[in-house]
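User: I'd like to learn how to read a few features of this model. Can we walk through them together?

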Amino acid sequence: MQPIWNKIIKVVPLWIAPNLLTFSGFIMILFNYFLISFYDWDYTASGTSPGLVPTWVWLFSAFTTFCAYALDSIDGKHARRTQSSSPLGELFDHGLDSWATSIFVLSFFSVCSRDNGKTGVSVYTMYIYLSIVLFNFMCSHWEKYNTGVLFLPWGYDISQVVLIAAYLLTGTVGVEVWQKPLVFGYYITDVLVILLIGFSLFLSFPQTLYNIHRAHLKKTLKNDSLYEGLLPLVSPLLLFVLLTVWVVLSPSNILAKQPRLFLWMVGVAFSNVICKVIICQMSSTRPELFHWFLFPLALVVYAAISGLLGHVEEAVLAVFTTLVTAAHVHYGVCVGRQLSDHLNIYIFSLKKRVQE
């Protein structure tokens, strides 16, 4: 994709801040997510009411996905072009990526629809699919925490191209294309899930382990002890365990009742946990063993699976999701401001700050 990005970067004015490109891309996919949610809140529109989501929405989704992909690919180039590279820009880019990763996936689920008895994907498959994608993202930054190098395989580019193609296909042919067997009775969604699991288990994760092992042999690891090296994985894995316990043991089957709300909460919680790992990796500091999100989440999960919440489980999920989202946004704003003050630069402008 580099030839395309090299041409696009030439039309970007030099006065535009790189962070503005990054943030604009994120806002586009966020707006697209809420637009799709408006037409398809419970992931059933494509299965039970194929015409409920207008054609222009799918085409707009392809456009916004490509724009976000392009902006995310050229922001670093633009920073070097304007000589404005900074730790703030790096954190801003990776931090928004950690949130955007889940939003891309949650938007795509509306294309294939949830299981309606004949076609579609079950909400549990959606949860597993999302977890695998987030696991791959986590592995990349866990690797950088240990090696100091962020190795990005082609998986990211392939996923973006597939997303854009899926939206264009849906907009031109219709959602019915996802409800017809492709080969040997398997649907397109089945093939995508198989490919995702295959790439993750046999390419992405082994590559991460290999890169860390190679750094160990070269004695370039940033962390000598096994404990320090594995520490960033504790909170993400505990987060996954708690969420999975809630999904499996929920008396009201919370994932089936509120799939969009629950999966959104999963993405936001994961993003906040990984953001702290990214900061520790950038500042060469030790991450906390237990992220503070885990404690209120554990209380909510216990209250839910023990039956204490009863009929208010959905309401508690809504409140908890709102609080987690607000806390994540607050955290991002505070860290951005602190870095801006510390580095004496503006977040969204290349103008020089007056030294106080």
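Analyst: Sure. Keep in mind that this is a predicted model. Let's start with what the record says: the unreviewed UniProt entry annotates "transmembrane region" at residues 12-35, 55-71, 121-139, 182-205, 226-249, 261-279, 291-309 and 315-333.

User: What share of residues 315-333 is helix, and how far apart are the end C-alpha atoms?

Analyst: That span is 100% helix with 0% strand, and its end C-alpha atoms sit 27 Å apart. For residues 12-35, the chain is 75% helix and 0% strand, with 27 Å between the end C-alpha atoms.

User: On to pockets. How much space lies in the second largest pocket?

Analyst: The general idea goes like this: roll a probe the size of a water molecule over the atoms and you see where empty space is left. Here, the second largest pocket holds about 520 Å³. Its lining has 22 residues, and Phe-92, Leu-96, Val-329, Gly-332 and Val-333 are the ones nearest the centre.

User: Which helix gives the largest share of that lining?

Analyst: α13, with 8 residues. Helices α2 (18-39), α5 (87-112), α11 (259-283) and α13 (313-343) each put in at least two. By chemistry, the lining splits into 17 nonpolar, 4 polar and 1 charged.

User: And the surface? Which residues make the nonpolar patch?

Analyst: Ile-158, Val-162, Leu-195, Ile-197, Phe-199, Leu-201, Phe-202 and Leu-203 form a nonpolar surface patch of about 750 Å². Both α7 (155-173) and α8 (188-217) supply at least two of its residues, with the largest share, 6 residues, coming from α8. Phe-202 is in helix α8.

Terms used: Residues are numbered from 1 along each chain as its sequence is written. This is a predicted model: local features need pLDDT of at least 70, side-chain atom pairs count only at pLDDT 80 or more; totals for chains, interfaces and linings use all residues. Side-chain values use heavy atoms; hydrogens and water are left out. On a 1 Å grid over the protein atoms alone, a cavity is a set of points where a 1.4 Å probe fits but cannot get out, and a pocket is an open set with protein on both sides within 12 Å along at least five of seven lines; lining residues have an atom within 4 Å of a point. Grid points are joined across faces, edges and corners, and a volume is the space filled by probe spheres set on the points. Helices (H or I, at least four residues) and strands (E, at least two) are DSSP runs, numbered from the N terminus. Ala, Val, Leu, Ile, Met, Phe, Trp, Tyr, Cys and Pro count as nonpolar, Asp, Glu, Lys and Arg as charged, and the others, Gly among them, as polar. UniProt positions are given in the numbering used here, feature names are shortened, and annotations may be inferred rather than shown by experiment. Patches are made of residues with over 30% relative accessible area and no salt bridge: like charges are joined within 9 Å, nonpolar side chains (Val, Leu, Ile, Met, Phe, Trp, Tyr) within 5 Å. Accessible areas come from the Shrake-Rupley method with a 1.4 Å probe; for residues, only the protein chains shown count as cover. A salt bridge is a side-chain nitrogen of Lys or Arg within 4 Å of a carboxyl oxygen of Asp or Glu.
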